[in-house]
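Please open the structure in your viewer and keep the selection tool at hand. The stops below go from helix packing to the contact between chains and then to a few backbone details.

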Amino acid sequence: MSREWTIKSALIAFAAVLMILGGAPLYKHRHYEVPVVAGPGVTNVIKLSEFVPGLKGSMADADVFVLEGKEPGGKVLVMANTHANEPAGLLTAVIMIENAVVEKGTLMVIPEFNASAGRNTRPGDGYPLYYDIPTEWGAKRFRMGNRDTSPLDQWPDPDVYIHYPDKQLLSFIDVRNTNRTWPGRPNGPLMEKVTFAAMEMMRKDRLNIAIDMHGAETMFPVTNCIVAPQKSAKIATLVSMTVKAMEGFDNHVEPSPSNFHGLSHREIGDFSDTLPFLLEAPIPFLDQPTGPKTVKLLLDGKDPFLLSLSKKKKLFVPYDENGWPIEKRVGQHCSVALEIIRQYSKKNPDTAIRISGIPRYADLVKNGVGPYFHDPAKAEKKSVYYE
Amino acid sequence: MGVIMILYYLICAYITGLLAWDFVREKKSVNDMILYLLVLIPLLLRILRIK
């Protein structure tokens with residue numbers, strides 16, 4: 001072999017090693033499946049593509065877990081991982097799927113609403129690829145996703161995202177953000193198909209309530225709150241007051257801005273009869289001025305820089321040495337969701353919904369999140385789904 | 001996969017081909033060889049649908 005090709009071969013081998021070292025963890029992450037054990041309340045599992053066939057076969061075709069009670073009643077949809085880098089919603093959704101029993105009405109849960117974003121990463125910001133929740137039977141591993149859909153599934157981005165149908169100009173990246181693409185359209189970009197499928201489900205199945213679970217920075221004013229449009233405001237206010245009085249945590253109400261389009265709490269209410277609520281739990285991990293973006297920070301929410309900022313009153317939530325642990329955030333989502341359902345049912349007895357088996361804030365703060373997950377190895381194979 | 005996405009992959013493959021050809025044609029500069037290969041990595045990762 002000539003000297004030239006000896007050098008070239010060595011360089012190709014080096015580049016191949018670099019590519020494998022960099023690419024293999026990303027490939028594994030995109031294809032890693034999280035087992036979810038369908039609990040005693042799950043009566044059916046459907047796909048979003050049943051409402052928009054164009055989603056079939058794509059990474060964006062999310063599972064919808066249906067928990068139908070014996071007694072007819074109202075219908076509530078709970079969505080998580082609209083932003084897949086806000087994990088409290090996903091953990092809450094899995095707890096609901098694995099534990100909830102519906103006595104009256106129907107509970108529908110989409111644990112990975114932006115299923116493609118759940119398989120995307122943000123390595124430039126040093127995000128971990130996974131996080132583990134300790135349980136009695138070992139660690140349950142979840143993928144840490146990204147806020148936006150993977151460019152492998154939706155590409156290219158426009159220079160400016162023109163929202164449909166309001167033609168409002170949004171940031172280019174929002175074309176891959178499922179909390180900017182509501183109400184969507186059946187022949188639009190992939191994420192508009194996802195939101196349109198959910199809208200079709202709400203309209204065709206006549207859903208009464210939609211709850212979209214998120215997390216927000218402690219330095220962002222819209223955090224630790226329920227975002228609700230005018231039509232949902234009364235229930236949201238009652239929920240806020242009740243959880244404060246009965247369970248001892250703050251969760252104020254933020255009005256949904258009427259001229260900011262594409263958000264679930266705005267468009268679901270405007271384009272269907274469903275009452276939308278968007279829940280925000282504080283997530284220190286997403287704040288910019290923190291230490292390294294570690295799994296520990298993601299789960300316990302403790303950061304010395306945020307603590308210092310809290311002392312200077314720069315945060316929008318109370319913050320001390322205890323941080324904002326994941327059990328507190330998941331507990332808030334569980335309690336607020338249950339309270340929304342209870343308050344709605346009190347006002348609408350004909351379409352009331354009764355659910356048991358879901359832990360509340362105090363249970364999660366006391367026990368942690370892990371005890372509410374079931375061991376997929378011990379579950380019947382047919383009741384294990386992979387998300 | 002939409003038409004634009006398919007075109008995007010075709011453009012990626014075309015640029016990959018150009019860079020590979022430049023790498024093969026380069027006889028002397030090791031620096032240029034390394035640069036061609038480094039630029040190729042993200043393009044190959046995209047064509048292989050890894051990132």
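For any pair of helices on this tour, angles under 35 degrees count as roughly parallel, over 145 as roughly antiparallel, 65 to 115 as roughly perpendicular and the rest as oblique. The model is predicted, and local features need pLDDT of at least 70 while side-chain atom pairs count only at pLDDT 80 or more, although totals for chains, interfaces and linings use all residues. Residues are numbered from 1 along each chain as its sequence is written, and chains are lettered from A and ligands numbered from 1 in the order in which they are written.

**Stop 1: two helices of chain A**

Select residues 230–247 of chain A, which form helix α4, together with residues 326–347 of chain A, which form helix α8; their axes are 9 Å apart and make an angle of about 125°. Axes here are lines fitted to C-alpha atoms, for helices over the stretch in contact, and angles run from 0 to 180 degrees between N-to-C directions. Helices (H or I, at least four residues) and strands (E, at least two) are DSSP runs, numbered from the N terminus. The helices α4(A) and α8(A) are therefore oblique to each other.

To see where they meet, show the side chains of the contact, including A:Ile235, A:Leu238 and A:Val239 on α4(A) and A:Val336, A:Ile340 and A:Tyr344 on α8(A); two residues are in contact if their C-beta atoms, placed from the backbone, lie within 7 Å. Coloured by class, this contact has seven nonpolar, three polar and two charged residues, where Ala, Val, Leu, Ile, Met, Phe, Trp, Tyr, Cys and Pro count as nonpolar, Asp, Glu, Lys and Arg as charged, and the others, Gly among them, as polar.

**Stop 2: chain B and its contact with chain A**

Now select chain B, which has two helices and zero strands, and whose C-alpha trace spans about 40 × 20 × 10 Å along its principal axes.

Which side of chain B touches chain A? Select the 15 residues of chain B that are in contact with 14 residues of chain A; α1 (3–25) and α2 (30–47) of chain B each supply at least two residues of that side, and α2(B) gives the most, with eight residues. By class, that side of chain B has twelve nonpolar, no polar and three charged residues.

Next, add helix α1 of chain A (residues 3–31), whose axis comes within 10 Å of that of α2(B) and crosses it at roughly 30°, which makes α1(A) roughly parallel to α2(B). Among the residues in this contact are A:Leu11, A:Ala15 and A:Leu18 of α1(A), and B:Leu37, B:Ile41 and B:Leu44 of α2(B). The contact divides into 14 nonpolar residues, one polar and one charged.

**Stop 3: backbone details in chain A**

Most residues other than glycine have a negative phi, and most peptide bonds are trans.

Select A:Trp155 and A:Pro156, which are joined by a cis peptide bond with omega about 0°; A:Pro156 lies in the loop between β7 (138–143) and β8 (161–162) of chain A. A cis peptide bond also joins A:Tyr164 and A:Pro165, with omega about 5°, and A:Pro165 lies in the loop between β8 and β9 (169–170) of chain A.

A:Lys167 lies in the loop between β8 and β9 of chain A, and its phi is near 60°, a positive value in a residue other than glycine. Finally, select A:Asn224 in the loop between β10 (209–216) and β11 (225–228) of chain A, where phi is near 55°, again positive in a residue other than glycine.
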